[in-house]
Amino acid sequence: MSKGPTSLRLDRLLSNLGYGSRREVQDLIEAGYVLLNGEAIIDSDEKIAITPDLAARMTVEGEPLDPPPGLVLMLNKPVGVTCSHKEQGPLVYGLLPERWRARNPAISTVGRLDKETSGLLLLTDDGALLHRIISPKANIAKRYDVTLDRPLRGDEGAVFGAGTLMLDDEDKPLLPAQFEAVSEKRAFVTITEGRYHQVRRMFAAVGNHVVALKRDRVGALALPGDLAAGEYRILGEDELAKVFS
Ligand code: URA
């Protein structure tokens, strides 16, 4: 859990978590369907401390409360889903539980991956955290596992690392990127910027074509091997710290 509000009225908390309108959640509360530490809370205006263990202590209609505000998720984004309404196709938000899509503040992706890119995508409802991660000042390294159409030329490391590579239609060179060849047609590339289709365009600039692109690290946080494509999980404090290290 990241920093969210420290306490909220119960009806506000539930309605912000997508359980219904203020009126609807007040009805749930008054009917005794909301328990804290096993006991019904009947007062909608009771102040609830937002603590990391709240979901373990509160139930709504017999089910554990959804994760409280300050939520950070990692998703293994599959190919074919989009991060933005501007692109055609199903959205990554469709991979989350339906009620989570009605939360306020909304859960947003931390930056974007292209529709055809897979791998580690962070999502959060904490706007300040989101900006801290995507801010150019944060200089957070993102590593991509790149599969190419043609064999590597051999000079990619020098070209990408120079800090002089200019992409088409841009007026500022890319910052130096790290490059590591894995095989004839596969490499890891680590970038700290997030320009439009950056990795694909970097390889186009050296006469190649990316056939598969997967992000496997953000900062020192690696995509876990046991998180299947389309699956997500809540990030713990220690994992979140890795993003910044
Ligand atoms: N670079 C790309 O080309 N696409 C992405 O989704 C991310 C980095």
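This passage looks at the domain layout and the charged side chains of a predicted model.

The chain splits into three pieces: domain 1 covers 7-64, domain 2 takes in 72-136 + 221-243, and domain 3 runs over 141-218. Going by C-alpha atoms, the centres of domain 1 and domain 3 sit 48 Å apart.

On to the charges. Searching the whole structure turns up 16 salt bridges. One of them pairs R99 with D66, with 2.7 Å between the closest N and O atoms. R99 belongs to the loop between β7 (72-77) and β8 (108-109), while D66 belongs to the loop between β6 (63-64) and β7, so this contact ties together parts that are 33 residues apart in sequence. The two partners are covered to differing extents: R99 is partly exposed at 34% relative accessibility, whereas D66 is buried at 8%.

Another salt bridge joins D155 and R153, where the closest N and O atoms are 2.9 Å apart. Here D155 comes out as partly exposed, with 28% relative accessibility, and R153 as exposed, with 51%. R195 and E193 also meet through their side chains, at 2.8 Å from N to O, and both of these residues are buried. That pair doesn't stand alone: R195 and E193 are part of a salt-bridge network that also takes in E170 and R201.

Not every acidic residue is paired up like this. E30, D43, D45 and E46 make up a negative patch on the surface, and patch members carry no salt bridge. Within that group, D45 sits in the loop between β3 (39-40) and β4 (47-49). Its relative accessible area is 46%, so D45 counts as partly exposed.

Methods
Residues are numbered from 1 along each chain as its sequence is written. This is a predicted model: local features need pLDDT of at least 70, side-chain atom pairs count only at pLDDT 80 or more; totals for chains, interfaces and linings use all residues. Side-chain values use heavy atoms; hydrogens and water are left out. Patches are made of residues with over 30% relative accessible area and no salt bridge: like charges are joined within 9 Å, nonpolar side chains (Val, Leu, Ile, Met, Phe, Trp, Tyr) within 5 Å. Accessible areas come from the Shrake-Rupley method with a 1.4 Å probe; for residues, only the protein chains shown count as cover. A salt bridge is a side-chain nitrogen of Lys or Arg within 4 Å of a carboxyl oxygen of Asp or Glu. Lys and Arg count as positive and Asp and Glu as negative; His and the chain ends are not counted. The place of a charge is taken as NZ of Lys, CZ of Arg, CG of Asp or CD of Glu. Helices (H or I, at least four residues) and strands (E, at least two) are DSSP runs, numbered from the N terminus. Buried means under 20% relative accessible area, exposed over 50%, partly exposed in between (1.4 Å probe, protein chains only). Domain bounds come from an automatic or database domain assignment.
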